[in-house]
Amino acid sequence: MQKPTLPKGTRDFGPEQMRKRLFIFDTIRQIFQQFGFQPIETPSMENLSTLTGKYGDEGDQLLFKILNSGDFAAGITELDLASGSKKLTPKIAEKGLRYDLTVPFARYVVMNRNSLTLPFKRYQMQPVWRADRPQKGRYREFYQCDADVVGTDSLLCEAEIVLMIHEAFRNLAIQNFTLKVNNRKILAGIAEVIGAPGQEGTLSVAIDKLDKIGKEKVLDELRERGFSEETLVSLEPLFLFGSATPYQTLDQLKNWLSASDTARQGITELEEMLLLVDQYGLSDSRVEIDPTLARGLSYYTGAIFEVKANGVSIGSVSGGGRYDNLTGAFGMPGLSGVGISFGVDRIYDVMEELNLFPADTGQGTHVLIVPFDKEARSVALPLLNQLRTAAVAAEMYPDLSKVKKMLDYANAKNIPFVVLIGSEEVQTGILSLKNMVTGEQFKVTTEELMDRLR
RNA sequence: GUGAUUGUAGCUCAGUCGGUUAGAGCGCCGGAUUGUGGUUCCGGAGGUCGCGGGUUCGAGCCCCGUCUUUCACCCCA
C-alpha cells in the first residue's frame, strides 16, 4: 500500500471549498449572460500545433504535453534522442493541455466560421494548465472564466469589458480593486518617440515591473538589453505619471507622444472607451490609465486590461485585451477580437484572505429527518417526499442508530432543523421539530412544519 | 528553468547533546445517558517520524539523493 498524493500544483476541493467556488462561478456566469455572451466548451487537450508559438518561448516551455498513445517510442532513432528534447517532443507528443481559453476559442471560431453570426460573443469557464512552479496564487491547474467578442473592432466591446469587471467584483464584494488599462499602441508609440521603434516588446517587459522593482532597476534592465542612454533620458516622462484621473493621464500622454501617429490612435481609443463607459452611467469607476502596464501575452494589439485587488499580495485576478489577428495564425486574417479573463482561483484566495464570502453561501441540507425505529419510517418517508416537493432540501438519516449519533450528523453538516419521529409521533401524528441552533423543540402538525420550513 | 524552505497521529505542532517504550492539544471512537446534539466527566484507538541510501554500538535528530510543501526570481490568472 502506498500513500496517495496529488501531482504538484493540483488540489482537491471539498464541499466547503466548492460552495465558495460555485458562488464565484455563478456570480460571473450571471454577468456574462446579462451582457449577452453565450457559453461554449472546448476539449482539455488540443493539438500541440494549435498551442505552440502563441504564447512566446516562455509559454511554450510551460505547456503540458501529452505522450502519444500506443508505442510512442516506435520509430525514434538514436539520432532523434541525441538531437535534444526540443526536436524530440513533436515526435512523441502531438497533443497538449490547453494553456488558456483564448487560443482554443480562436481555433473554434476559425473551424466554425461559416456557422457563426458575427459579432460572436462567447463565454467559457474551464480549467487551464501551466507547467509552472507553484507558489502563492499560482497553480498548475486553475480555472479561467473568459468572455470574448470577435468580429468587431467597436470600442463598445472594450467599454463593456470595463462594465463587466466592475459588475463582477462588486457582486463578489471585492469593492477595493483597481482596473488598470493601457493600450499596446501607446507602448509602441513610446518606443517610437524615445528612438527605439519596434522595441516595445523589450521595453514593455521592463517597464511593467516599475511598481515592483522601481525606476532605477527598470533603467538598469533596459541598459542591459541595449537601450542607449539617450533613449533612457527620453523615457523620463514615463516616470512622472502620478495617480491622476484617466482623462488627465491621457492628456499628459498626448503631450508627450504627439509625434507618434500610433500613440495618438491608442490614446483616442482609450478616450472613446472611457466616454462610452461614462455615457452608460458607471458610477465610482475604478479605471486607472497606467502607461507602464504591459502584460505578457504577445498577441495583444490594442487595449489591455488588468485587475488587481488592493490590500492583498496576490497577483492580478483578471486580465485581457484586444487582439487584431489571433485567428490569422489559423488562416483567417482580419478578424478582430477583445476579451477578458477572470482567474477564479486567485479571486478565491483574495476573498478568503479578506473574508468576503457570505456566510450562507449555497446552504446545504435544511432539515434532517430522524426516525427512531423502522415503524417511524412510515411517517418519515412521506414527509421527506412532501418536503422535497416543496423545494426544501431534506434528507433522512439512513441507519437506525442512536439519536445522539444522528444529531451529531446534523451538527457536522450544519443542518439547522431536525424532525424527530418515534412511536409517540407515529401514534399521534404530531411531529417534533428541533431547531439545532437555539435548541428549542416544538410539537407541530405536518402542516405547521411545512409552513415553518418553507 | 534558478535560489531558498518544509515534511513527526486525521489536523495544528512539541521532541534537549545522537541514547530506554516518540508526546500534547484538538478531532475521532466507546461509556456516563436504551427518545435528544453542541457543555462536562471517564476510557480507548490511532505513528514505516515523506521515501531511498549512508555514517554510528545506537538516527525523528548527522550526511547524500529523491519526492513533496511553502516562498522569491523568471513569467503569469
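**RNA contacts, nonpolar cores and a one-sided helix**

In this predicted model, a polar backbone atom of serine 423 lies 3.1 Å from a base oxygen of RNA strand B. The protein surroundings of RNA strand B comprise 40 residues, of which Arg130, Arg138, Gly296, Ser316 and Met436 come nearest. The points below take up this surface, then the nonpolar cores, then two helices.

**Surface near RNA strand B**

- Of the atoms of RNA strand B that come within 4 Å of the protein, 44% belong to sugar and phosphate.
- The side chain of arginine 138 places an N or O atom 2.3 Å from a base nitrogen of RNA strand B, while a polar side-chain atom of glutamine 135 is found 2.9 Å from a phosphate oxygen of the strand.
- Helix α17 (403-412) contributes at least two residues to this surface, as do β6 (141-150), β10 (318-323) and α18 (423-428), and the largest share, five residues, is that of α17.
- By residue class, the surface near RNA strand B consists of 16 charged, 13 polar and 11 nonpolar residues.

**Nonpolar cores**

- The largest nonpolar core holds 99 residues, and the members that touch the most others are Leu235, Phe305, Phe342 and Ile347; helix α7 (residues 155-171) gives the most to this core, namely nine residues.
- Once neighbours within four places in sequence are set aside, the contacts of leucine 235 are Ile190, Ile194, Leu203, Leu219, Leu222 and Trp256.
- A second core, separate from the largest one and made up of 19 residues, has Ala380, Val392, Leu431 and Leu453 among its members.

**Helix α19**

- Leu449, Met450 and Leu453 are buried in helix α19 (residues 446-453), and because these three residues cover an arc of only 100° around the axis, they lie on the same side of α19.
- The exposed residues Glu447 and Asp451 are carried on the face of α19 that is turned away from its buried side.
- In general, an α-helix has 3.6 residues a turn, so residues three or four places apart point the same way.
- The cover over the buried residues of α19 includes the strands β12 (367-371), β14 (417-421), β15 (431-435) and β16 (441-444), together with helix α16 (377-389).

**Glycine 201 in helix α9**

- Glycine 201 belongs to helix α9 (residues 200-207), and it counts as partly exposed because its relative accessibility is 41%, a value between the cut-offs of 20% for buried and 50% for exposed.
- Between the C-alpha atoms of glycine 201 and alanine 188 the distance is 8.3 Å, with 13 residues separating the two in sequence.

Definitions and conventions. Residues are numbered from 1 along each chain as its sequence is written. Chains are lettered from A and ligands numbered from 1 in the order in which they are written. This is a predicted model: local features need pLDDT of at least 70, side-chain atom pairs count only at pLDDT 80 or more; totals for chains, interfaces and linings use all residues. Side-chain values use heavy atoms; hydrogens and water are left out. Buried means under 20% relative accessible area, exposed over 50%, partly exposed in between (1.4 Å probe, protein chains only). Helices (H or I, at least four residues) and strands (E, at least two) are DSSP runs, numbered from the N terminus. The arc is that of the directions from the helix axis to the C-beta atoms. Contact means heavy atoms within 4.5 Å. A nonpolar core is a set of buried Ala, Val, Leu, Ile, Met, Phe, Trp, Tyr and Cys residues joined through side-chain atoms within 4.5 Å. A residue is near a molecule or strand if one of its heavy atoms lies within 4 Å of it. A polar contact is a pair of N or O atoms within 3.5 Å; within protein, one must be able to donate a hydrogen and the other to accept it, and residues adjacent in sequence count only if both atoms are side-chain atoms. Ala, Val, Leu, Ile, Met, Phe, Trp, Tyr, Cys and Pro count as nonpolar, Asp, Glu, Lys and Arg as charged, and the others, Gly among them, as polar.
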